[in-house]
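Colleague: Please take a close look at one part of this model for me. I would like one connected account of a single helix and what surrounds it.

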Amino acid sequence: MADSHSLRVRLRLKAGPKLVLGPGRLEILQGIAETGSISAAARGMEMSYRRAWLLVDDINHCFESPLVESVTGGKRGGGARLTALGERVVAAYVRLLEKTDQAIAAERAELESLLAEILPSPNNE
């Protein structure tokens with residue numbers, strides 16, 4: 001469980017009003033890379049297959065070429081995988097997250113030290 005004084009920063013990348021990358025999009029891409037399947041990645045996120053498919057389709061349209069492609073054949077009838085561009089995008093976004101964490105570490109620590117003790121409310125147990 002996270003420390004009650006631990007702040008989280010969530011980085012979302014937008015192009016104009018359009019969300020390009022964020023924590024959920026990263027999670028679905030990493031899930032596809034790990035499982036070879038949109039449906040398995042969706043299950044891992046407790047998301048419907050339809051919602052995951054629409055998310056992948058939206059992600060694919062944000063870049064010059066798709067980040068996820070269908071794979072046909074095999075014992076299970078196919079699946080999905082990241083394209084070379086998809087692997088590059090995921091790696092670059094993960095590096096950006098790591099650099100962001102490093103760049104803000106001192107300020108985050110200062111703010112964390114100033115937080116009041118955060119306890120769950122009796123109604124939110």
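Modeller: Here is helix α1, with the hairpin that comes before it. This is a predicted model, where local features need pLDDT of at least 70, side-chain atom pairs count only at pLDDT 80 or more, and totals for chains, interfaces and linings use all residues. Residues are numbered from 1 along each chain as its sequence is written, and side-chain values use heavy atoms, with hydrogens and water left out.

Start with the hairpin. Strands β1 (residues 13-15) and β2 (residues 18-21) pair antiparallel over 3 bridges. Pairing requires at least two DSSP bridges between the strands. K14 has L19 of β2 as its bridge partner. Between the strands sit 2 residues, and G16 in this hairpin has a positive phi near 65°.

Now the helix. Helices are DSSP runs of H or I with at least four residues, strands runs of E with at least two, numbered from the N terminus. Helix α1 covers residues 23-35. Its 13 residues, at 1.5 Å a residue, should span 18 Å, and the end C-alpha atoms are 18 Å apart, which agrees. The expected span is 1.5 Å times one less than the number of residues. After α1 comes G36, with a positive phi near 75°.

Which residues of α1 are buried? They are R25, L26, I28, L29, G31 and I32. Buried means under 20% relative accessible area, exposed over 50%, partly exposed in between (1.4 Å probe, protein chains only). The buried residues pack against β2, α2 (38-44), α3 (49-62), β3 (68-72), β4 (78-82) and α4 (84-114).

Take R25. Its relative accessibility is 9%, so R25 counts as buried. Beyond its neighbours within four places in sequence, R25 contacts L19, V20, L55, D58, I59 and C62. Contact means heavy atoms within 4.5 Å.
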